[in-house]
Amino acid sequence: MSDYIAHIHSGKINLNANISVTSRGPASLCINADEGFAYPALDTALSEGIPLAKKMGICIATVANSHHCGALSIQVERIAREGLIGLMFANTPKAMAPWGGIEPIFGTNPIAFSAPRDNTDPLVIDLSLSKVARGKVMAAKKLGETIPTGWALDVNGKATTDPDKALKGTMIPIGRSKGTALALMVEILSAVFSGSALSLEAGSFFDAGNIAPRVGQTIIMISPGHSSDFVVRIERLLHYIAALDGVRLPGSRRQQAMRNAELHGILIPKSLETLMRKLTSGSKFK
């Protein structure tokens, strides 16, 4: 939250963004976020893309010149609740070196997937292509805590538990070389395809410098079709998986946490409460 505020003051977020929509084909939309917040542009992508996917069977929507888009799970879950299969890809500022290197080229470049289910929450999968999201390292730095070995390397390519050294170095990808191969795929789908800044060109999400992130997101919405037995077949598959000892479906922990939060509320740090109270009181931030 404080990072967003700092970005507004420095001009990295355009509060007067003019979101525009163009078409590159009968089922393909291009949304320009105009260096503003990602969320209004993503809302536009879904509000225009979902009806198109239902009509055409599929829709691909890109969001260009965007900012931090938060949890991809939020967007793909919205798609699944409309009876569609959802895929989302996003590039982020450089934080991860190709496997075997020490110079960050890729972001943590998250991917997400969702599928509708019968009379229950959709299946939602959301993951970063680094072992952990870089935000966890930033949070540890703010709290003055160390990070576990295996999350990141320092600028010399050595394992580190110091979050500051980790942020200056490189995140470790999931699956070693496979993780950075996937990161390259996401980079092409989200940044190259949308005409946005590459991860190595994008301004940081975490400082108030004057270079805007200008990252990209690509969303694919697929209709299973009204006469399809898709829902019946996915329920059969997920039933087999859930019945295995020691196995849980992806996203089930997140859904339970959301239900608990709805019933009991959430605990937040005192510093965040203070910041939120300042925001709601109209206080100015520097």
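**Close-ups of two pockets and some helices**

**View 1. The largest pocket holds about 1,400 Å³ of space.** This is a predicted model, so treat each view here as a look at a prediction. Which residues sit nearest the centre of this pocket? They are His68, Arg134, Gly135, Lys136 and Phe206, out of 39 residues that line the largest pocket. Four elements give two or more residues each to that lining: helix H1 (2–10), strand S6 (123–127), helix H4 (134–143) and helix H9 (270–281).

**View 2. Here is what the wall of the largest pocket is made of, with H4 giving the most to the lining.** H4 puts in seven residues. Sorted by class, the lining has 21 nonpolar residues, 12 polar ones and six charged ones.

**View 3. The second largest pocket has a volume of about 240 Å³.** Its lining takes in Val124, Ile125, Asp126 and Leu127, along with Arg248, Pro250, Gly251, Ser252, Arg253 and Arg254. Two elements, S6 and helix H8 (252–264), supply at least two residues each. Which one has the largest share of this lining? That's S6, with four residues. Class by class, you'll find four nonpolar, two polar and four charged residues around the second largest pocket. S6 also turns up among the elements lining the largest pocket.

**View 4. Helix H8 spans the length you'd expect for its 13 residues.** At 1.5 Å a residue, H8 should span 18 Å, and its end C-alpha atoms are indeed 18 Å apart, so the two agree. Just after H8 comes Gly265, with a positive phi near 80 degrees.

**View 5. Helix H2 (residues 38–56) packs with helix H3 (residues 72–80).** For a pair like this, the usual description is the angle between the axes plus the distance between them. H2 and H3 pack at an angle of about 20 degrees, and their axes are 11 Å apart. Since angles under 35 degrees count as roughly parallel, H2 is roughly parallel to H3. What is the handedness of the crossing of H2 and H3? The crossing is right-handed.

Terms used. Residues numbered from 1 in each chain as written. Predicted model: local features only at pLDDT ≥ 70, side-chain atom pairs only at ≥ 80, totals over all residues. Heavy atoms only, no water. 1 Å grid on protein atoms, 1.4 Å probe; cavity = no way out; pocket = protein on both sides within 12 Å on 5 of 7 lines; lining within 4 Å. Points joined across faces, edges and corners; volume = space filled by probe spheres on them. Nonpolar A, V, L, I, M, F, W, Y, C, P; charged D, E, K, R; others polar. Expected span 1.5 Å × (residues − 1). Axes fitted to C-alpha atoms, helices over the stretch in contact; angles between N-to-C directions. Parallel < 35°, antiparallel > 145°, perpendicular 65-115°, else oblique. Left-handed = near helix turned anticlockwise from the far one by under 90°.
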